[in-house]
Amino acid sequence: MSDVEFYAARMDRAVRSAVQEGLAGLVVTPGPDLVWLCGYAPPAVTERLTALLLVPGSRPQLLVPQLERPDAERAPGAGALTVSGWTDGEDPYAEVAKVLAGQGRYGVSDNAWALHLLALQRKRPEVGFGALTEALPMLRAVKDAYELERLSAAGAAADAAFEAIVELPFAGRREREVAADLDRLLRENGHEQVDFTIVGSGPNGANPHHEAGERVIEDGDMVVMDFGGLKGGYGSDTTRTVHVGEPSPEERKVHDLVREAQQAAFEAVRPGVACQDVDRAARQVIRRAGYGEYFVHRTGHGIGVTTHEPPYMVEGEHLPLVPGMCFSVEPGVYLPGRFGVRIEDIVVCTETGGRRLNNTARELRVVA
């Protein structure tokens with residue numbers, strides 16, 4: 001299948017999904033949806049409007065600033081589009097308004113600028129707009145074989161980075177130095193983009209989104225490392241918690257508890273199970289052990305062309321798992337002022353259960 005055919009099929013699928021959900025069409029602005037649908041990422045996201053318009057019965061149209069039209073015409077999916085440009089001084093919203101027919105409701109990219117959406121609403125007050133992930137939550141959630149291959153490769157690369165980092169010294173080095181090593185190792189293993197390298201040592205590990213800083217890692221510290229980015233356009237995201245020197249009985253106990261919770265959530269993954277039930281499986285293990293108040297975030301999030309996207313493994317999310325869904329499973333326990341533990345794998349829902357895309361050991365690793 002050529003690039004043009006590949007992206008044409010995705011856009012056709014998006015239009016058919018929109019019709020099934022009663023939408024009049026889609027307005028897709030720069031971001032992951034645009035890249036996923038037609039392979040185009042503008043050289044810069046500015047106040048100038050760029051919009052992919054997908055309307056049933058019409059050829060997909062990509063409206064771009066004229067100065068960026070050459071870039072748009074080189075996008076891998078451009079052959080399946082009509083690319084048109086607008087120049088400064090013209091009204092691009094009027095051009096979009098011409099395409100938005102009737103009084104229906106359109107799905108709009110979640111990250112569309114308010115500037116653009118408000119301008120479209122002024123042009124077409126009779127038209128309704130809704131967030132794309134709410135209107136079409138399954139559009140990017142179910143991955144095909146092409147996507148799963150790339151997610152698997154990204155996961156393997158993150159695993160390789162972990163196996164390399166634990167061979168380096170931790171004690172006596174600053175968190176930011178270990179984080180820089182993780183960044184380097186991810187890139188050495190093929191990542192074109194690194195989105196985060198969380199390194200939380202000792203009490204900093206009790207902050208789930210701690211930003212690696214100047215704290216010097218000490219012997220006796222628990223260290224939470226959460227890192228990932230994009231390889232081949234698809235995301236990686238894994239967390240392992242290591243210990244500098246021999247852990248105390250309590251530290252080992254908490255780590256074993258989180259590992260048990262992570263395994264319980266993984267075993268809950270199968271088609272038809274509600275996303276919230278994956279969260280419940282992990283939370284039940286931690287709550288029964290008396291640490292429920294210290295598990296302070298959802299159990300997981302989807303991953304694809306971004307490292308965080310729907311579906312979410314969280315209480316209240318009734319969306320059923322479907323083969324091809326790919327998401328993190330990452331319970332944690334965080335003891336304020338002391339230490340934290342998190343274990344995270346990317347998991348694919350298959351016809352028979354879950355399949356991990358991260359395969360480094362989940363037992364507590366002792367580092368120097």
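These are my notebook entries on aromatic rings, cysteines and helix packing in a predicted model.

**Entry 1: aromatic rings**

I started with the rings, and I kept a simple reminder at hand: a pair of aromatic rings is described by the distance of the centres and the angle of the planes. How many aromatic pairs does the structure hold? I found five. One of them joins Phe6 and Tyr7, with 5.1 Å centre to centre and 85° between the planes. I noted this pair as edge-to-face, because planes over 60 degrees apart count that way.

Next I asked whether these two residues are buried or exposed. Phe6 is buried, at a relative accessible area of 16%. Tyr7 is buried too, at 11%. Both labels follow because buried means under 20% relative accessible area.

Then I looked up which residues share a cluster with Phe6 and Tyr7. Tyr146 and Tyr234 join them, and the four form one aromatic cluster.

**Entry 2: arginines over rings**

I moved on to charges over ring faces. Arg283 sits over the face of Phe295, and I have 3.9 Å from the ring centre for it. I wrote down Arg356 as well, which lies over the face of Phe266 at 4.0 Å from the ring centre.

**Entry 3: cysteines**

How many disulfides are there? My count came to zero. I wanted to see why Cys275 has no bond, so I looked for the cysteine sulfur closest to its own. That sulfur belongs to Cys349 and is 9.2 Å away, which is too far for a bond because a disulfide needs the sulfur atoms within 2.5 Å. Cys275 is also buried, with 0% relative accessibility. I checked Cys38 as well, and it counts as buried at 0% relative accessibility.

**Entry 4: helix packing**

Last came the helices, and here too a reminder helped: two packed helices are described by the angle between their axes and the distance between the axes.

I took α4 (residues 92–99) and α5 (residues 114–123) and found them packed at about 60°, with axes 9 Å apart. That angle makes α4 oblique to α5. As for handedness, α4 passes α5 in a right-handed crossing.

Then I turned to α7 (residues 145–165) and α8 (residues 175–188). Their packing angle is about 135°, and their axes are 9 Å apart. So α7 is oblique to α8. The crossing of α7 past α8 is right-handed. I also noted that Tyr146, from the aromatic cluster of my opening entry, has a number that falls within the residues 145–165 of α7.

Definitions and conventions: Residues are numbered from 1 along each chain as its sequence is written. This is a predicted model: local features need pLDDT of at least 70, side-chain atom pairs count only at pLDDT 80 or more; totals for chains, interfaces and linings use all residues. Side-chain values use heavy atoms; hydrogens and water are left out. Rings of Phe, Tyr and Trp (its six-membered ring) pair if their centres lie within 6.5 Å; planes under 30 degrees apart count as stacked, over 60 as edge-to-face and the rest as tilted. Buried means under 20% relative accessible area, exposed over 50%, partly exposed in between (1.4 Å probe, protein chains only). A charge sits over a ring if NZ of Lys or CZ of Arg is within 6 Å of the ring centre and within 35 degrees of the ring normal. Axes are lines fitted to C-alpha atoms, for helices over the stretch in contact, and angles run from 0 to 180 degrees between N-to-C directions. Helices (H or I, at least four residues) and strands (E, at least two) are DSSP runs, numbered from the N terminus. Angles under 35 degrees count as roughly parallel, over 145 as roughly antiparallel, 65 to 115 as roughly perpendicular and the rest as oblique. A crossing is left-handed if the near helix is turned anticlockwise from the far one by less than a right angle, and right-handed if clockwise.
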